[in-house]
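Hi there,

Here's the structure I promised to pass on. Have a look at it first, and then read my notes below.

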Amino acid sequence: NRRVVLAARPRGLPTSTHFRIEETAVPTPGEGQVLLRTLSLSLDPYMRPMMNEVPPAYADASVAVGAPMVGGTVNRVVASRNPSFRVGDLVLGNAGWQDYALSDGQDLVALGEMQQPSLALGVLGMPGFTAHVGLLDIGEPKAGETVVVAAATGAVGAVVGQVAKLKGARVVGIAGGADKCRYAVEVLGFDVCLDRREPKLAERLAAACPRGIDVYFENVGGEVFEAVVPLLNHHARVPLCGTIASYNEDAPPPGPNLLPKVMSVFQTKRVRAQGFIILDHYGARYDAFRRDMDAWVAEGRVKLLEDTVDGLENAPGAFIGMLQGKNVGKLVVRVSEG
Ligand code: NDP
């Protein structure tokens with residue numbers, strides 16, 4: 001049983017020295033438990049704040065030094081002492097960065113048979129659900145409005161942009177690199193996509209949004225947010241989903257303090273910004289998401305975009321790459337064929 005543990009807490013961008021691969025015995029399930037074999041591991045931005053000493057506000061504790069990294073997984077049940085699960089069942093679990101894990105079944109969701117089970121970690125799972133709730137319940141895009149989303153070819157952003165198009169909005173994406181931008185326009189159907197690595201983002205965004213911005217789906221923060229604020233329309237909506245641009249920062253950025261200006265724009269333009277954590281919404285909203293998304297995917301109206309890396313040993317490198325924008329689409333590690 002291989003597992004990737006947190007070897008040391010990073011300051012700034014993690015490196016391979018912050019992870020360690022260990023071999024341990026395959027655990028034996030006790031009464032009421034199942035033994036899970038990991039087929040696919042989801043790599044997500046929230047894992048970076050979970051490496052810090054102080055956990056993010058939505059978590060009780062961060063990952064302890066020496067403990068396996070946390071993460072959502074698709075698993076096969078390989079031994080069961082829990083009457084609700086049988087050997088061979090395919091489940092969505094939280095096994096983390098390891099080959100095998102035990103569960104009491106409480107956190108498992110049966111997947112039935114799926115042709116491409118890893119989709120349960122992406123467009124049909126947590127990131128897709130995040131896009132659906134954030135965009136539709138908080139963003140409330142209307143036909144003809146302008147929606148802006150960054151990390152536009154990422155797990156959440158690619159779905160946000162495609163769903164906003166389905167609702168008749170004009171969609172402006174922002175992504176890191178010309179290839180990603182071309183993909184967003186030519187394959188995902190965005191109206192425009194701007195490369196955040198090129199100079200003069202604020203000017204290019206203003207030119208791309210001649211009627212201002214009605215919905216800004218916030219995935220990144222930082223320079224992109226600064227470019228967006230002056231363009232927000234009266235009564236704009238801002239679903240606050242994440243701020244990945246700051247996840248590796250341990251000091252405030254240099255330069256002028258923009259907070260008073262931002263506060264003033266939000267107040268005088270009656271902007272509605274709302275943070276959300278997707279964990280809160282499973283009970284009330286999950287079924288509606290799956291009804292919509294299953295149909296959109298089946299009809300080809302939402303395209304799948306998955307970035308697969310082979311081998312658990314490559315999880316640290318792929319994760320560090322994601323924090324630098326190297327992934328295109330939902331980043332998933334294929335751990336075993338199972
Ligand atoms: P992605 O698949 O979008 O991967 C992360 C992407 O972020 C990178 O590919 C890169 O894309 C972009 N990025 C990295 N650094 C920067 C930077 N400094 N400035 C701008 N962009 C950067 O990840 P997800 O779709 O899984 O997550 C997107 C956001 O949604 C994250 O902030 C995440 O924390 C948040 N989230 C929040 C949830 C909630 O419950 N609120 C649930 C799930 C996700 P590029 O180079 O193309 O810009």
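**What sits around the ligand**

Sorted by class, the shell around the ligand is made up of 16 nonpolar, nine polar and three charged residues. Before you go on, keep in mind that this is a predicted model.

In total, 28 residues surround the ligand, and the closest are Val156, Arg196, Asn219, Tyr247 and Asn327. If you want to find your way by helices, try α1, α2 (155-166) and α8 (315-323): each of them supplies at least two residues of that shell.

Now for some atom pairs. Arg196 uses its side chain: an N or O atom there is 2.7 Å from an oxygen atom of the ligand. With Cys241 the backbone does the job, as one of its polar backbone atoms is 2.9 Å from a nitrogen atom of the ligand. Phe276 also comes in with its backbone, where an N or O atom lies 2.8 Å from a ligand nitrogen. And how much of the ligand does the protein bury? On its own the ligand exposes 910 Å², and the protein buries 92% of that.

**Two helices that cross**

Next, look at α1 (residues 126-139) and α7 (residues 282-298), whose axes come within 10 Å and cross at roughly 100 degrees. Angles of 65 to 115 degrees count as roughly perpendicular, so that is what α1 and α7 are to each other. On the α1 side, the contact includes Met126, Phe129, His132 and Leu136, while α7 brings residues including Tyr282, Arg285, Phe289 and Trp296. By class, this contact between α1 and α7 has 10 nonpolar, two polar and three charged residues.

**One loop residue**

Last one: Met114, which you'll find in the loop between β7 (109-110) and α1. Leaving out neighbours within four places in sequence, Met114 is in contact with Leu90, Leu119, Ala120 and Leu124. Leu90 is 24 residues away from Met114 along the chain, with 8.6 Å between their C-alpha atoms.

Cheers

Methods: Residues numbered from 1 in each chain as written. Predicted model: local features only at pLDDT ≥ 70, side-chain atom pairs only at ≥ 80, totals over all residues. Heavy atoms only, no water. Axes fitted to C-alpha atoms, helices over the stretch in contact; angles between N-to-C directions. Helix = DSSP H or I, 4+ residues; strand = E, 2+ residues; numbered from the N terminus. Parallel < 35°, antiparallel > 145°, perpendicular 65-115°, else oblique. Contact = heavy atoms within 4.5 Å. Nonpolar A, V, L, I, M, F, W, Y, C, P; charged D, E, K, R; others polar. Near = heavy atom within 4 Å. Polar contact = N/O pair within 3.5 Å; in protein donor to acceptor, adjacent residues only side chain to side chain. Areas by Shrake-Rupley, 256 points an atom, 1.4 Å probe, with all protein chains shown as cover.
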